[in-house]
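Welcome! Please take a moment with the sequence and the structure below, and then read on for a short guided tour.

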Amino acid sequence: MQQQTAAELLSDKGPFKEAIKGFSERQSQQLMAQDVESALDEKQVLLVEAGTGTGKTYSYLVPALMFDGRVVISTGTRNLQDQLVHKDLPNAIKALKRYRKVALLKGRQNYLCLHRMDISMESGRFTTRDTYEQLVQIRDWSAKTKDGDLSQVHFLPDDSPAIPFATSSAENCLGSECPSFQDCFVAKARRRALEADIVVVNHHLLMADLVLKEDGFGELLPHANAYIVDEAHQLPDVATAYFGQSVTTRQLMELARDSDVMYRTEVGDSRPLLEAAQALEKETADFRLALGDEGQRQFWHRYFSRAKIKDAYEQLVDTIKQLKEVLLSLASRSKELENLAERASDIYVRAELFCELDENNQVQWVEVHRRSFMLNSTPLNVAEPFQKAIDIYRNAAWVFTSATLAISENFEHFRDQLGWRHTHEAIYPSPFDYRDQSLFYLPRFMGNPSHQEYTQNFIEQVIPLLKASGGRAFLLFTSHRALHQAAKLLEPYREFDVLVQGSAGKTWLLEKFRQAHAGVLLGTYSFWEGVDVVGDALSFVAIDKLPFGSPGDPVTQARIKALRNEGKDPFRHYQLPEAIIALKQGAGRLIRDVSDKGLLMIGDPRLCARDYGHDFIVNLPDMTRTRHQSVAQEYLEAL
């Protein structure tokens with residue numbers, strides 16, 4: 001009997017109709033599944049934009065499960081990984097009655113490292129009592145866990161200071177020479193991945209594997225026959241981070257701390273190691289003080305040109321060198337010391353880069369926080385290094401999909417970012433009836449978006465609509481400053497349950513919002529995408545401004561300059577496409593289901609006042625539009 005095609009399996013006559021409650025045939029889902037199936041069989045590079053409601057997850061899962069070969073699926077976040085592995089894949093496997101071995105693989109910082117935990121507990125050197133207490137709780141949990149995934153530790157905050165004491169990194173992992181290797185959760189996860197038919201990773205792990213290649217456990221990707229990248233619009237930014245170089249407070253402090261631990265547990269006769277580690281801690285703190293107050297990202301050369309900062313940085317680099325030399329002299333005494341010496345050498349090489357101020361195809365910039373700093377060297381274009389990195393995987397199929405991959409039905413921007421030249425492409429619009437399900441409101445009297453009173457004007461326009469909707473709203477901002485100003489302006493309105501990004505974890509805020517009677521959630525870019533609130537809990541999304549990148553950002557400035565030097569219009573080739581993709585994501589928070597209804601408000605008057613406003617509007621869903629606040633209020637009241 002001939003095997004059914006992916007499109008046939010997703011029809012009303014296929015197995016999903018009975019296996020999954022509420023499933024119904026969608027033509028766009030079937031057509032996309034057909035495209036993905038062909039791409040996998042013929043080893044094509046396929047770009048697919050699939051609008052919200054298309055059902056793109058099953059459109060790629062069904063061909064992946066029917067494919068005879070290993071498939072790596074990469075998603076944007078760990079939450080989406082968990083959803084695929086614990087919900088979508090089991091449902092699809094059950095419906096298809098086709099067993100395929102599935103493995104979930106996260107970055108090593110998500111897994112407990114028994115050896116790191118043991119030596120941390122043995123050294124007893126912690127910055128706070130909370131860190132120690134959390135590590136004790138992790139140790140107690142370690143006796144019960146099967147896979148060591150720290151996301152299962154519900155008492156542990158995402159930014160817990162105990163995490164570095166209980167996890168390994170590619171730099172400090174001892175690999176097969178670790179005394180706890182037989183029980184290593186990372187090694188077990190990698191082994192499961194190597195035995196699996198479907199491996200679910202995230203973009204950070206995908207790029208780490210492409211860029212680093214060697215991390216003590218061999219490679220994952222060369223063994224796959226196909227790669228499916230969901231939320232693919234995020235990949236160029238993730239790739240940019242991985243093809244760059246950085247020196248951070250955390251890297252330096254962890255190097256100093258781990259050296260101190262080695263002195264206390266292995267080489268107590270080497271006083272120079274303790275002195276070098278303590279010197280690195282001091283010089284790192286002194287350099288942070290020399291940088292001055294925290295602020296926005298800045299070009300590194302603007303800091304390095306100041307004598308005080310230049311001297312402090314050169315002293316810091318010299319201190320890294322001294323610690324490196326001490327560690328190299330001790331490296332033969334144990335694998336851990338050898339590993340630590342290699343790590344110090346690597347950090348020293350990177351630190352020296354920032355003494356040279358070489359910005360050929362790179363931009364060097366610094367980010368200063370209250371207690372930390374990050375020195376970064378970022379490539380202006382990742383197309384060439386990305387294509388070079390995947391050179392050995394050209395015999396595999398690549399599928400890139402997202403709800404926001406094309407601009408005005410053209411994939412040129414995404415193709416150029418990653419250097420693709422020969423691709424197959426398809427666009428499947430959302431099946432939702434946006435004209436019936438939503439209203440798009442553009443206020444008439446908002447004023448100049450750069451004016452200092454703009455956020456106040458925006459909130460004044462929003463408040464009557466919040467009252468009409470009874471809350472149930474997302475207010476999305478393009479800056480943290482506007483977010484905090486808006487939160488302050490909403491304080492007197494006690495009838496709303498105001499939830500502000502940064503006041504708690506993202507997952508907790510979303511859960512509170514869904515449960516709230518009159519929830520109003522204020523967020524910046526992390527809430528513009530990957531957030532799914534279906535039903536009556538969300539009926540109103542307001543966006544303050546068009547999401548252009550900050551003109552003061554050094555990476556943006558450098559890319560603008562580079563494009564001008566190439567004779568290109570940076571606004572049309574870079575700034576506008578990036579902003580359109582971001583706005584499509586933000587607007588996409590409103591309608592998540594065929595039964596959803598709601599109002600989208602975008603405050604920015606440039607949508608009507610500037611020629612490029614049309615470029616944004618044609619890339620948004622085809623909603624009914626109004627410029628009258630009374631119409632918007634009546635619409636929300638009727639909901």
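## Helix α12

Helix α12 covers residues 249-265, and at 1.5 Å a residue its 17 residues should span 24 Å. Its end C-alpha atoms are 24 Å apart, so the expected span and the modelled one agree. Please keep in mind throughout that this is a predicted model.

How many of the 17 residues of α12 are buried? The count is 12, so the helix is largely enclosed by the rest of the structure. Among the buried residues are T249, L252, E254 and L255, and the list also includes a run of charged and other residues such as R257, D258, S259 and D260. Two of these names come back in a network of salt bridges, where R257 and D258 are linked with R116 and R343.

## Two nonpolar cores

In soluble globular proteins, nonpolar side chains tend to be buried together. Here the largest nonpolar core has 59 residues. Which of them touch the most other members? They are L112, I138, F386, W398 and F400. Helix α9, residues 185-195, supplies the largest share of this core, with five residues.

Another core lies apart from that one and holds 42 residues. Among its members are L291, L323, A344 and F354.

## Salt bridges across the chain

The whole structure contains 33 salt bridges, and a few of them make good places to stop. In one, E49 pairs with K584, and the closest N and O atoms are 3.1 Å apart. This pair ties together distant parts of the chain: E49 sits in strand β1 (residues 45-50) and K584 in helix α24 (residues 570-587), 535 residues apart. Both E49 and K584 are buried.

Another bridge joins the side chains of K101 and E195, with an N to O distance of 3.4 Å. These partners are 94 residues apart, with K101 in the loop between α5 (78-96) and β3 (102-104) and E195 in helix α9. Are these two buried or exposed? K101 is partly exposed, at 33% relative accessible area, while E195 counts as exposed because its relative accessibility is 51%.

## A bridge within one helix

E338 and K335 also meet through their side chains in a salt bridge, 3.9 Å from N to O. Why are they separated by about one helical turn? The reason is that they are three residues apart in helix α16, which runs over residues 335-356. Both partners are partly exposed: E338 has a relative accessible area of 32%, and K335 has a relative accessibility of 24%.

## Around H115

Next, look at H115, which lies in helix α6 (residues 114-123). H115 is buried, because its relative accessible area is 11%. Which residues does H115 touch, leaving aside those up to four places away in sequence? They are L174, C178, P179, S180 and E336. One of these, L174, is 59 residues from H115 along the chain, yet their C-alpha atoms are separated by 9.4 Å.

## Around N376

N376 belongs to strand β9, residues 373-379. With a relative accessibility of 8%, N376 counts as buried. A polar atom of the N376 side chain lies 3.4 Å from the backbone oxygen of M374.

Not counting residues up to four places away in sequence, N376 touches Q245, S246, F354, V363, Q364 and W365. F354 is a name you have already met, as one of the members of the 42-residue core.

## Cysteines without disulfides

A disulfide is a covalent bond between the sulfur atoms of two cysteines. How many disulfides does the model have? The count comes to zero. For C113, the closest cysteine sulfur is in C178, and at 5.7 Å that is too far for a bond. C178 also appeared above, among the residues that H115 touches.

C173 is in no disulfide either, and the nearest cysteine sulfur to C173, that of C184, is 6.1 Å away. C113 counts as buried because its relative accessibility is 15%, and C173 is buried too, at 14%.

Definitions and conventions:
Residues numbered from 1 in each chain as written. Predicted model: local features only at pLDDT ≥ 70, side-chain atom pairs only at ≥ 80, totals over all residues. Heavy atoms only, no water. Core = buried A, V, L, I, M, F, W, Y, C linked by side-chain atoms within 4.5 Å. Buried < 20%, exposed > 50% of the residue type's maximum accessible area, 1.4 Å probe, protein only. Helix = DSSP H or I, 4+ residues; strand = E, 2+ residues; numbered from the N terminus. Contact = heavy atoms within 4.5 Å. Salt bridge = Lys/Arg side-chain N within 4 Å of Asp/Glu carboxyl O. Expected span 1.5 Å × (residues − 1). Polar contact = N/O pair within 3.5 Å; in protein donor to acceptor, adjacent residues only side chain to side chain. Disulfide = S-S within 2.5 Å.
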